[in-house]
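Biologist: Hi, could you load the model so we can go through it together?

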Amino acid sequence: MKQLVSILDGNTFVVSDRRGDIEPSFDFPTGVFSFDTRFLSTWLLTLDGERLHALSIDDSRSYRTRYFLVPGEPTHYLDAKVSVIRDRSIHDGLGEKLTVLNHSGKEMRFNLRLEMGSDFADLFEIKHKRRKAGQISALVGENELRLTYRREAFHREAVITSSAPAEVDQGGMTWALLVGPHAEWSTRLHVGAVIYGARGQDFRASTPLVGSRSPAAIRAEQEELVRKAPKLGCDYAPLAAAYRQSINDLASLRYESITLGVRLVAAGLPWFMTLFGRDSILTSFQVLPFLPELIPPTIMMLAGLQGHRLDDFRDEEPGKILHELRYGETAGFEEQPHSPYYGSADSTPLFVILLDEYERWTGDGDLVRKLEFPARAALAWIDTYGDLLGTGYIWYRTRNPDTGLANQCWKDSWDSISYTDGRLPGFPRATCELQGYAYDARLRGARMAREFWNDPAYADKLERDAAALKERFNRDFWIAEGEYFALALDPEGRHVDALTSNMGHLLWSGIVEESRAERIARHLLGPRLFSGWGVRTLATDQGRYNPVGYHVGTVWPFDNAFIAWGLARYGFREEAGRICEGMLSASRYFNGRLPEAFAGYERSLTEYPVEYPTACSPQAWSAGTPLLLLRVMLGLEPQGEHLIIDPAVPEGLGRMELLDIPGRWGKVDALGRSRTEQDHQQSG
């Protein structure tokens, strides 16, 4: 697999190879991107006609990378008389300093060339390998190359400038260099990504942060976020590294929404650098005990864009919370429905759950009161448009069969919902975790109605509906012969009987009857589902199982974090600890940064987690995973005006302390020790 290097600040990001070069690609989104458009697709450096090779790369900062390069093949490195440093950063687009160093004792002439080009591809055009409909042109200026794309009113430009005199043509820039003995030459390049609005100006100009952030400002903001986070001290090095990386990644994924001008967390690089309903909500759950100030902008944005009409193209319905918001060409010309798109059945109940959880941690009742109408509308959607068949369950079926998502649960790939023999059910489908979310949303809605909306009658109704759903669900979804819950119901109400990780979300929601929880825990930690690193999305004996299949056998860190939380909720702390240990052990092999997913191979088979080839990294809900695992291990749960701290640290992880945890109770500290230490202390 080709090794790639990325830097980012919010949804402006760069993906290149390990020498800093960018070549046109539709296999993976390499290039310079901002707001869903690729502004550079070619950025190739040569010295005297030769490609360069990397000696070393400094990519310790998310927004800056330095490449140390030499010409020629690796066997010639010992005799290199010249080297090149590329110092690259996110800077109002892309900033890059090129430095050529002459290591010889005599004056040297060099011909430095940088090939430049842009296809202005929309991310969806890359994903689906579509051709452009507009026109691309190049305008040569003094030390400047202006690449332009126009399609009717859609207008984008990449403006490339050099601080040193250059010979500019429509394909790039060339510098004829004369460098003295043991001397150096340098130029600073800048690539401005210009997004024109209706008035012929960059429409980001009205936002205070987009397009005006220097590397120093980016660094300062990230360091401020790290400073605000609770301080972790622990004996287990992988946890310390993962925690530090998670906070840094969450800081780097923040971007300013053009729609409402608030700071949000993008879902994941490279495909999902925007707001996602489900991803943003679940990430918010993970970070809430650590950085609660990140949550209100997300809740407010989702409430502001809540569905209010029937729109088949966008899968929009009154009360429904969006799935995805895009700013690119395909959304603008309605070739994709993402402006915004509402094709998820889980974001709506999850919205209600998050609003309640946020108040439990922070005591911010004002936000609950302010969002009473959106929360009520979301709860009404569960009972109306969400219940397509009138059976009391949430079902999904896209209104847009041409470009809408077929599966509208978190496992939204085409083959993720199947019977145990691999057959695919028809539509609509009612996956099990959706019912758990609906149950939890009703209970939390009842609490908010009683305590903040002054509507006890509505609270009573929601509680009755939740109790009826729990009873009905445990009857209709339970597969007695296998002693587990069906993945889904098909249109005829029959079990879609694949054994999957979705059951862990049922534990998190609380919909599982206590008498059945132990059997679910046994399945989740059994050899068919648990790889040793984590719970697989699909059990190994199922018809569609594939250890490197996107939702049919891989291990997803975020999924495992919520499963661990669910296990802990039902008292299975040791089982939750096994998942925590597996995930944190896996993080060592990714330098502390858990990816979107990794392969479901047995831990004893590979001895290290095998990468999934197109996994997003960093990804927000993977970055949030170590935070939620830490919450589970320390047993942090809000209860009224108090914070419950009930540590259960897995064996071998030693001591851990989390200081200055923010919340309604002020800042508190939590201390935990692994069971082996506790046992040793008690026996001594």
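Modeller: Let's start at a helix end: Gly510 sits just after helix 12 and takes a positive phi of about 90 degrees. Helices here are DSSP runs of H or I with at least four residues, strands are runs of E with at least two, and both are numbered from the N terminus.

Biologist: Before we go on, what kind of model is this, and how are residues numbered?

Modeller: This is a predicted model, where local features need pLDDT of at least 70, side-chain atom pairs count only at pLDDT 80 or more, and totals for chains, interfaces and linings use all residues. Residues are numbered from 1 along each chain as its sequence is written, and side-chain values use heavy atoms, with hydrogens and water left out.

Biologist: Good. How many residues of helix 12 are buried?

Modeller: Eight of the eight residues in helix 12 (residues 502–509) are buried, so the rest of the structure largely encloses this helix. Buried means under 20% relative accessible area, exposed means over 50%, and partly exposed lies in between, with a 1.4 Å probe and protein chains only. The buried residues of helix 12 include His505 and Trp508.

Biologist: And what about helix 10, how many of its residues are buried?

Modeller: For helix 10 the count is 17 of the 20 residues, so this helix is also largely enclosed by the rest of the structure. Its length checks out too: at 1.5 Å a residue, the 20 residues (432–451) should span 28 Å, and the end C-alpha atoms are 30 Å apart, which agrees. The expected span is 1.5 Å times one less than the number of residues.

Biologist: Let's zoom out. How many helices and strands are in the protein chain?

Modeller: The protein chain has 19 helices and 28 strands. Its radius of gyration is 26 Å, close to the 26 Å from the globule rule for 684 residues, so the chain is as compact as a globular protein of that length. That radius is taken over C-alpha atoms, and the rule is 2.2 Å times the number of residues to the power 0.38. Along the principal axes, the C-alpha trace spans about 85 × 70 × 50 Å.

Biologist: What share of the residues is buried, and what share of contacts is far apart in sequence?

Modeller: Buried residues make up 60% of the 684. Among contacts with a separation of 6 or more, 64% are between residues 24 or more positions apart. A contact means heavy atoms within 4.5 Å.

Biologist: Now pockets. What is the volume of the largest one?

Modeller: The largest pocket has a volume of about 1500 Å³. It is lined by 48 residues, and those closest to its centre are Leu4, Val5, Ser6, Arg593 and Ser617. On a 1 Å grid over the protein atoms alone, a pocket is an open set of points with protein on both sides within 12 Å along at least five of seven lines, a cavity is a set where a 1.4 Å probe fits but cannot get out, and lining residues have an atom within 4 Å of a point. Points are joined across faces, edges and corners, and a volume is the space filled by probe spheres set on them.

Biologist: Which element gives the largest share of that lining?

Modeller: Strand 1 does, with four residues of the lining of the largest pocket. By class, this lining has 23 nonpolar, 13 polar and 12 charged residues. Nonpolar covers Ala, Val, Leu, Ile, Met, Phe, Trp, Tyr, Cys and Pro, charged covers Asp, Glu, Lys and Arg, and the others, Gly among them, are polar.

Biologist: How much space lies in the second largest pocket?

Modeller: About 850 Å³. Of its 34 lining residues, Lys127, Phe272, Leu405, Asp412 and Tyr550 are closest to the centre. Helix 1 gives the largest share of this lining, four residues.

Biologist: And how many closed cavities of 30 Å³ or more are there?

Modeller: The structure holds four of them. The second largest cavity has a volume of about 60 Å³, and helix 4 gives the most to its lining, with four residues. That lining divides into six nonpolar, four polar and no charged residues.

Biologist: Last one: is Ser89 buried or exposed?

Modeller: Ser89 is buried, with a relative accessible area of 11%. Ser89 belongs to strand 8 (residues 82–90), and beyond its neighbours within four places in sequence, its contacts include Ile7, Tyr63 and Pro215.
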